[in-house]
Amino acid sequence: MNSPRTRRRMTNIVMFAITGACTLGAVSVLFFILGYLLWQGGHALNLDFFTKLPAPVGETGGGFANAILGSAKLLVLASLIGIPIGFLGGVYLAEFGGTTPAFVVRYTTDLLNGVPSIVMGIFAYRIVVVTMGHFSTLAGGIALGVMMIPIAVRSTEEFLRAVPNTLREGALALGATKWRAVATVVIPAALPGIITGILLALARVAGETAPLLFTAFGNLFWSPGWNQPTASLPDTIFKYAIAPYEDWHQQAWAAGLVLLTLVLVVNIAARFILRRQRRDLRG
Amino acid sequence: MKINVGRVNFYYGKQQALYDVSTRIRQQAVTALIGPSGCGKSTFLRSLNRMNDLIPGARLEGKVELDGEDIYSDEMDVIHLRRRVGMIFQRSNPFPMSVYDNVAYGVRVNKLARKRLEVDEIVEKTLRAAALWEEVKDRLHRSAMSLSGGQQQRLCIARALAVEPEVLLMDEPASALDPISTAKIEELIYNLKQSYTIVVVTHNMQQAARISDETGFFLNGRLVEFNETKRIFTAPAVRETEDYITGRFG
């Protein structure tokens, strides 16, 4: 029993068991959350949930249609800000930034990425909400858009860097200008990856709550245009979950289920696009 | 003489890669550059179309003339230079687009033809010149990535020919290919020299002997010997050349 061989074998078994159990734990958390959401919120999920406004306090039923539309509008605004700046910034970093400027920009975006979302919310509150004098979809969209920028920059940069240098040289050797080579050869080669990165950035900010609390604020009704407070899924979940009514809790669970499903679908779509690109590049 | 190189010294930052290289490249002939790895032959090749400009800290002293015009002078339009001096790389690098679009790329970038029919014509002509037309004519609009390695390399040659260059630089164009594809590339090079000036870097000495008219031997950043291929391989003047081609080192 005490021979080195037995001890080695025992260590092996123990380590395998520990690491395996931890892996199982990590993986099962997602399924646990999904299952729990289904169990708690599944039956509150009906057509009304997607088409009706929240019911007034005291009445049951109603839906989250305004929050779903609000989230969609916020994400559109966030994309309008985050995608162009993030994408072009990433192109600059990968293709045009020299060593020192690129280092500075890269470091700055990493720091920006680390800014807690609540701080981003206060920032948007001060810049947009206080200036305009009221909460609005616009303010929420800006807060989310700024959060998207660093993620989009870094993923764009990484996928561009993964494009083999011989492609750049090949285009330049044919008499293409640097811009032309980047726009017609390098970016198309990296595009599926870049789209994936941007989808993931979008999925990430779709679930952000803190920056919306004092920018988009929330709303029990429709929010026409971009200039009024709006409901959104994460923020409605927050408010419904802390309310003292049992049926609100169920609706919060249902909204959580919808949000998580959305994020999962985007994630899976992103991976799918990326796999296709890898296949195409390999030929 | 198509290209005239006078006392070129080349530096990557502080590290010198070429020492006092002077030579002349003959028109409508194949010039082979041989030598052990790291001897500077690729650096030399890439300095002929200023591809080294892309490397931060790279610097060249001396003179490189194309048809008597200094390509490193301030008046030189590098974009135009690279059109005149095309390049084939060691690893085939088709763009991730269709076979047709690959060949048409340089044509479009340089606005050599606008009408669809003209582009069609150039694509067919250059694919024929690269001995690839028969193999790809039924899948011109399929991804270039679906071609075999040898076909991809010939596609890259076709793509380079499409912009009507005067000089073709080839950096070990067949080193990643199987013997049959290599033979096709060599045959192609042999045929192309009637219309183009070709400079080939190669590790394969039999290949240099087979396809080239003139050969330069590089060692430690110096052009040790430059002469007709026949003479280099039968009666080299310098001891190091003889040692290298007989396989005593490198």
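**View 1. B:Glu225, a buried acid without a salt bridge.** B:Glu225 sits in strand 10 of chain B, residues 222-228, in what is a predicted model. (Helices, H or I of at least four residues, and strands, E of at least two, are DSSP runs numbered from the N terminus.) This glutamate is buried, where buried means under 20% relative accessible area, exposed means over 50%, and partly exposed is in between, using a 1.4 Å probe and protein chains only. What is the nearest side chain of opposite charge? That would be B:Arg231, 6.7 Å away. (Lys and Arg count as positive, Asp and Glu as negative, with His and the chain ends not counted.) A salt bridge needs a side-chain nitrogen of Lys or Arg within 4 Å of a carboxyl oxygen of Asp or Glu. The glutamate side chain does have backbone company: one of its polar atoms lies 2.7 Å from the backbone nitrogen of B:Ala237, and the backbone nitrogen of B:Val238 lies 3.1 Å from a polar atom of that side chain. Leaving out residues up to four places away in sequence, B:Glu225 also touches B:Thr215, B:Phe217 and B:Ile232, among others; contact means heavy atoms within 4.5 Å.

**View 2. Where chain A meets chain B.** Here 19 residues of chain A are in contact with 24 residues of chain B. The two chains bury about 1700 Å² between them, 68% of it on carbon and sulfur atoms; buried area is the accessible area (1.4 Å probe) that two parts lose on being put together, summed over both. On the chain A side, A:Glu169, A:Ala173 and A:Leu174 lose the most area to chain B, together 35% of what that side buries. The count of salt bridges between the chains is 1: A:Glu169 pairs with B:Arg46, with the closest N and O atoms 2.7 Å apart. Helix 7 (165-173), helix 8 (178-206) and helix 11 (246-282) of chain A each supply at least two residues to the side touching chain B. Helix 7 gives the most, with 7 residues.

**View 3. A:Leu172 at the contact with chain B.** A:Leu172 lies in helix 7 of chain A and counts as buried because its relative accessible area is 6%. Beyond four places in sequence, A:Leu172 touches A:Thr177, A:Lys178 and A:Ala181 from chain A, plus B:Met51, B:Leu54 and B:Arg82 from chain B. The C-alpha atoms of A:Leu172 and A:Val182 are 9.6 Å apart.

**View 4. A:Thr215, a buried loop residue.** This threonine is in the loop between helix 9 (210-213) and helix 10 (233-241) of chain A. A:Thr215 counts as buried because its relative accessibility is 0%. A polar atom of the A:Thr215 side chain lies 2.5 Å from the backbone oxygen of A:Pro211. Its contacts beyond four places in sequence include A:Gly121, A:Tyr125, A:Phe135 and A:Ala143.

**View 5. Two positive phi values in chain B.** Most residues other than glycine have a negative phi. B:Asp67 has phi near 50 degrees and sits in the loop between strand 4 (58-66) and strand 5 (69-70); with a relative accessible area of 43%, B:Asp67 is partly exposed. B:Glu172 has phi of about 45 degrees, in the loop between strand 7 (167-171) and helix 7 (179-192) of chain B. B:Glu172 is buried, at 9% relative accessible area.

**Notes for all views.** Residues are numbered from 1 along each chain as its sequence is written, and chains are lettered from A and ligands numbered from 1 in the order written. In this predicted model, local features need pLDDT of at least 70, side-chain atom pairs count only at pLDDT 80 or more, and totals for chains, interfaces and linings use all residues, while side-chain values use heavy atoms, with hydrogens and water left out.

Technical notes:
A polar contact is a pair of N or O atoms within 3.5 Å; within protein, one must be able to donate a hydrogen and the other to accept it, and residues adjacent in sequence count only if both atoms are side-chain atoms.
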